[in-house]
Amino acid sequence: MRFFLLALFAAASLHAADTPKVSLMAGAATSNITPELGSEVVGGFLPFPCTHIHDELHARCLVLDDGKTKLALVICDLLGMHRSLCVAARELVEKETGIPAANVLISGTHTHSAANAIGGPVRFYTSDLELTDYQKFVVRRIADGVRRAITLLRPAEIAFGTVSIPEHVNIRRWFLQPDKMPPNPFGKIDKVKMNPGAGNPALIEPAGEPDPIVSFIALREPGGRMISVYSAYSLHYVGGVGGGDISADYYGMYCEALKRLQAGGTEDPPFVALMANGTSGDANNTNFRNPQPRKKPYEQMRYVAEDVATKVNEALAKVTWQSSAPLAARYRELPISWRKIDPELIAWAKNVEANTPRIQGKADLPLAYAGRVQRLAVASPETKAAVQILRIGDICIGTTPTETFAETGVEFRKRSPFAKSFMVELANGYYGYMPTPRHFELGGYETWPGTNNLEPQASVKMMDALLEMAAELKQ
C-alpha cells in the first residue's frame, strides 16, 4: 500500500511538472450604459433631449492578470467623464474586486451622441463634483462590467500590433488667407480656424499633422479563439447621426464589425472589442482639401468603422503571440494651474452678458464664452489632472484627461522608453482641450478660454510626468 501511494504521488508530481504554468489571464465583458429617453445629449453648445436609441452605449471592460497584478481597462461610449465619476468608479472597482484604483484605466470615446456624464455648467472648472443620477448609474455599470470580466478570466496569449490608416484622419485647424479669417467670439482675429469648411478657397495649409496609427493589444486563448482586442485611433469622432439619436458613433460600430470578423466571435464567452480615442484634439474625419459628397445618417460612420475593423483584423494575422506579460501601473494627479483670465477679458464677458439678448433655442457664441470665462476665472483652487501609465509586458499605455493634440501622442510614442507605446485621451477625467504651447500662439477654437481650461504648459507637464512614470516601470 505504501509503495502504491508513493508511486501515485510521484506520478502526480510528474504530471504537475509537465503542465505549463499559466502566466497570463484575460477576461472581457460589456455593460450597457444607455441613458433614458429624454436624457440630455451633449456635444454642442445647446444640449437637447434624446428621442431615439439608434444603438446602445456600453462600458467595454478588459481585465488582465499575471498572477501577481491585475489591470482593468474600461472604455465608455461617452463624450467624456468628470474626474469625480472616474474616481468613484475606480474606488468601487477596488472595493468589490480588489484591483487597486491606480490599476484601473477608464476613458471615454468622445461620441457626440451620448448623454451627459461630465456634469453641469461648472463641470470644466472643478476637480470635485457631486454626481448626477446618470453618473452614478455609469459608475455602477463600470464596476459590474469589470466584475463580469473577472469571472471570464482564462489563460491567454498576448500580441501587439499597429496599422497605419491615414485616410480617415485629417487636421481640422487651418491657416487661411489673412483677409478671410473671421473674428473669434472675443472680437479678435486668430491665425488658424477650426473646421474652416470643406473646399474653402481660402485654405492655405493645416496647422499640424494627424496621427494615422491604430495601435492594438490582442488577447486570445492559447492557440485558439480571440478573447479581446483593445485598440486606439486618433479620430475625434465621425458623426452624421439622426436628430435626437443616441449612438456610440464609429467606436461602437467598429467593435461590432471586428467581432463579426472573428471565428467564434459570438460564441460563449463572446469576443469583446474596445476602441479608445487616441489623441485627436485637433483632428477629425473631414477632408477639407477634397470635399466628399454628403451622405445619409450613419453611412460615413459605418464605412469608417468597417474599414478600420477590416484593416485591424488583417494586421492581427501578422502579430507575434506571447504567453506572458508582466503587469504594472502608475497613477498621479497633477496640480496643473487653471487658465488665467485677465481683467480685460472679464470686463468683456460682463459687458456681453449685460447687453446680449437671449434667443430661445439659438446658441450665441460670445454669450456662451462670456459665461465660461467668468466661471473659469473663479475656478476651484487646484486641478487634480490624472495621468496614468499601464505596463502590459513590453507595451506601454499613457493617458491624459483632456482632448489632446495628435502631436502629443506622436511625441509620447517616440520618447517612451517602451518601443511599443501609445496614448489614450479623455482618461480618468475631463478638462477640455489641451493644445501644445505652440498652438496658443495660433489661436483657434481649441485655445479659447472656456474651451481650453488649463495653463499653456499643461501638455509639457503631463508629458514629463508620463515619461517619468514610464521610466519607473521600465526598470
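Hi everyone, let me start with a single residue: Asp249 has a relative accessibility of 1%, so Asp249 counts as buried. Asp249 sits in helix 4, and its phi is positive, near 60°, although the residue is something other than glycine. Please keep in mind that we are looking at a predicted model.

There is a second case of this kind. Asn195 is not a glycine either, yet its phi is positive at about 50°. Buried or partly exposed, then, for Asn195? Asn195 is partly exposed, because its relative accessible area of 33% falls between the 20% limit for buried and the 50% limit for exposed. You will find Asn195 in the loop between strand 13 and strand 14.

Those two strands take us to a small sheet. The sheet is open, has 3 strands in the order 13-12-14, and pairs them in the antiparallel sense. Strand 13 (192-194) and strand 14 (203-206) are at the edges with a single partner strand each, so each has one side without a neighbour in the sheet. From one strand to the next, the twist averages 40°. Strand 12, residues 173-176, is joined to strand 14 by 3 antiparallel bridges, and Leu176 faces Leu203 of strand 14.

Now over to strand 1, residues 25-32. Strand 1 makes 8 antiparallel bridges with strand 5, residues 58-65, and there Ala29 has Cys61 as its bridge partner. Strand 1 also pairs with strand 9, residues 154-155, again antiparallel, over 2 bridges; here Ala26 stands opposite Arg154.

Next, the inside. How many residues does the largest nonpolar core have? The answer is 46, and Trp348, Ile389, Phe412 and Met462 have the most contacts inside this core. Several elements supply at least two residues each, including strand 20 (327-334), helix 6 (343-355) and strand 21 (385-392). Helix 10 gives the most, with 9 residues. As general background, nonpolar side chains in soluble globular proteins tend to be buried together.

On the outside, Phe45, Leu46 and Leu365 form a nonpolar surface patch of about 230 Å². Phe45 belongs to the loop between strand 2 (40-42) and strand 3 (48-49), and at 32% relative accessibility Phe45 counts as partly exposed.

One last stop, for those of you who like backbone details. The peptide bond between Asp268 and Pro269 is cis, with omega at about -5°. Pro269 is placed in the loop between helix 4 (249-260) and strand 18 (272-277), and helix 4 is also where we met Asp249. Thanks for listening!

How values were computed. Residues numbered from 1 in each chain as written. Predicted model: local features only at pLDDT ≥ 70, side-chain atom pairs only at ≥ 80, totals over all residues. Heavy atoms only, no water. Patch = residues over 30% accessible without salt bridge, like charges linked within 9 Å, V, L, I, M, F, W, Y side chains within 5 Å. Areas by Shrake-Rupley, 256 points an atom, 1.4 Å probe, with all protein chains shown as cover. Salt bridge = Lys/Arg side-chain N within 4 Å of Asp/Glu carboxyl O. Helix = DSSP H or I, 4+ residues; strand = E, 2+ residues; numbered from the N terminus. Buried < 20%, exposed > 50% of the residue type's maximum accessible area, 1.4 Å probe, protein only. Pairing = 2+ DSSP bridges. Axes fitted to C-alpha atoms, helices over the stretch in contact; angles between N-to-C directions. Core = buried A, V, L, I, M, F, W, Y, C linked by side-chain atoms within 4.5 Å.
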